[in-house]
Amino acid sequence: MRFAIRPATLDDAEGIARAHTASWRTSYRGILPEAVLERIDVDQRAASWRRTLQDRSVLTLVAYDVTHRDIVGLCDAGPSRRDPGTGEVYRMYLEHHARRHGLGREMFEQITDWLRSRSLHSLVIWVLDNNHHARRFYEAMGGRPDRRVASTVSGFPIVELAYVWDRL
Ligand SMILES: CC(C)(COP(=O)(O)OP(=O)(O)OC[C@H]1O[C@@H](n2cnc3c(N)ncnc32)[C@H](O)[C@@H]1OP(=O)(O)O)[C@@H](O)C(=O)NCCC(=O)NCCS
């Protein structure tokens, strides 16, 4: 087995920020403008992840390479900010070379077990409407497309689509 998953610690903030940025730059090429992807500040992201990692209402998992211990992906989840009483996966990102090894499924299962243990029995995940590959993954995990909301990323207009699981 080349990759594994573990809960994140505060020391992981930089590694998570690097993997998060690398995943954005490959996953959103052709979806978000290059300028938006190039402008991402990894240090700022690390600072933001440091705050997340200290938030006790959030579970953050990292996927890592078992040989080098490098972080290759992340996932964080907790109570939904838009739908009270529901769990939400806020972010799930793997670097390109770590995709399709079953890590997404394993992170999803660990997150849903954790949400259930916190009496959160429904789930929402917001995805870019035109992120077709992630949509196929969420559909394979049993999610159903629900509502769409218009928003922006660094001033660029986007449409977000909610995937929902009514009963975890
Ligand atoms: C979306 C993501 C988290 C899925 O994780 P993953 O480890 O690649 O997915 P898994 O290997 O666990 O796949 C589980 C199942 O989902 C489905 N699936 C996953 N990716 C798919 C794809 N691109 N096309 C079709 N089905 C797909 C398959 O049914 C797969 O089962 P199988 O491999 O037995 O056929 C990952 O690919 C990723 O990080 N993508 C880039 C970032 C991104 O878009 N994140 C989502 C932001 S909302």
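## A walk through the fold and its ligand shell

Buried residues make up 29% of the 168 residues in this protein. Keep in mind as you look around that this is a predicted model.

Let's start with the overall layout. The protein is built from five helices and seven strands. If you follow the chain along the sequence, they come in the pattern β-α-α-α-β-β-β-α-β-α-β-β. The radius of gyration is 15 Å, close to the 15 Å that the globule rule gives for 168 residues, so the protein is as compact as a globular protein of that length. Draw a box around the C-alpha atoms along the principal axes and you get roughly 40 × 35 × 30 Å. As for the contacts with a separation of 6 or more, 60% of them are between residues 24 or more positions apart.

Now for the sheet. Strands of a sheet pair through backbone hydrogen bonds, either parallel or antiparallel. Here, seven strands form an open sheet with mixed pairing, in the order S1-S2-S3-S4-S5-S7-S6. Its edge strands are S1 (3-7) and S6, each of which pairs on one side only. From one strand to the next, the twist averages 25°.

Take a look at S2 (residues 59-65) and S3 (residues 71-79), which run antiparallel and are joined by six bridges. One residue to pick out here is Leu61, whose bridge partner in S3 is Cys75. Leu61 also leads us to a helix: Gln110, which lies in H4, touches both Ile5 and Leu61, leaving aside residues up to four places away in sequence. Gln110 and Leu61 are 49 residues apart along the chain, yet their C-alpha atoms are separated by 8.7 Å. Is Gln110 buried or exposed? Being buried takes 20 or more other C-beta atoms within 10 Å, and being exposed takes 12 or fewer. Gln110 has 17 such neighbours, so it counts as partly exposed.

Next, head over to the edge strand S6 (residues 144-153). How many of its 10 residues are buried? The count is zero, so this strand is hardly covered. S6 pairs with S7 (residues 156-165) in the antiparallel sense, over eight bridges. In one of the pairings, Pro145 has Tyr163 in S7 as its bridge partner. The hairpin of S6 and S7 has two residues between the strands, and Ser154 there takes a positive phi near 45°.

Asp146 is also found in S6. With 11 other C-beta atoms within 10 Å, Asp146 is exposed, because 12 or fewer is what that label asks for. Asp146 touches Ala162, Tyr163 and Val164, again leaving aside residues up to four places away in sequence. Its C-alpha atom and that of Arg105 are separated by 21 Å, with their positions 41 residues apart along the chain.

Arg105 brings us to the ligand. Which of the 19 residues around the ligand come nearest? They are Leu94, Arg99, Gly104, Arg105 and Ala140. Several elements build this shell: helix H1 (13-27), strand S4 (87-94), helix H4 (103-117) and helix H5 (132-140) each supply at least two residues. H5 gives the largest share, five residues. By character, the shell divides into eight nonpolar, seven polar and four charged residues. Notice that H4 shows up twice on this tour: it supplies residues to the ligand shell, and it holds Gln110.

Methods: Residues are numbered from 1 along each chain as its sequence is written. This is a predicted model: local features need pLDDT of at least 70, side-chain atom pairs count only at pLDDT 80 or more; totals for chains, interfaces and linings use all residues. A residue is near a molecule or strand if its C-beta atom, placed from the backbone, lies within 6 Å of it. Helices (H or I, at least four residues) and strands (E, at least two) are DSSP runs, numbered from the N terminus. Ala, Val, Leu, Ile, Met, Phe, Trp, Tyr, Cys and Pro count as nonpolar, Asp, Glu, Lys and Arg as charged, and the others, Gly among them, as polar. Two strands pair if DSSP finds at least two bridges between them. Two residues are in contact if their C-beta atoms, placed from the backbone, lie within 7 Å. Axes are lines fitted to C-alpha atoms, for helices over the stretch in contact, and angles run from 0 to 180 degrees between N-to-C directions. The radius of gyration is taken over C-alpha atoms; the globule rule is 2.2 Å times the number of residues to the power 0.38.
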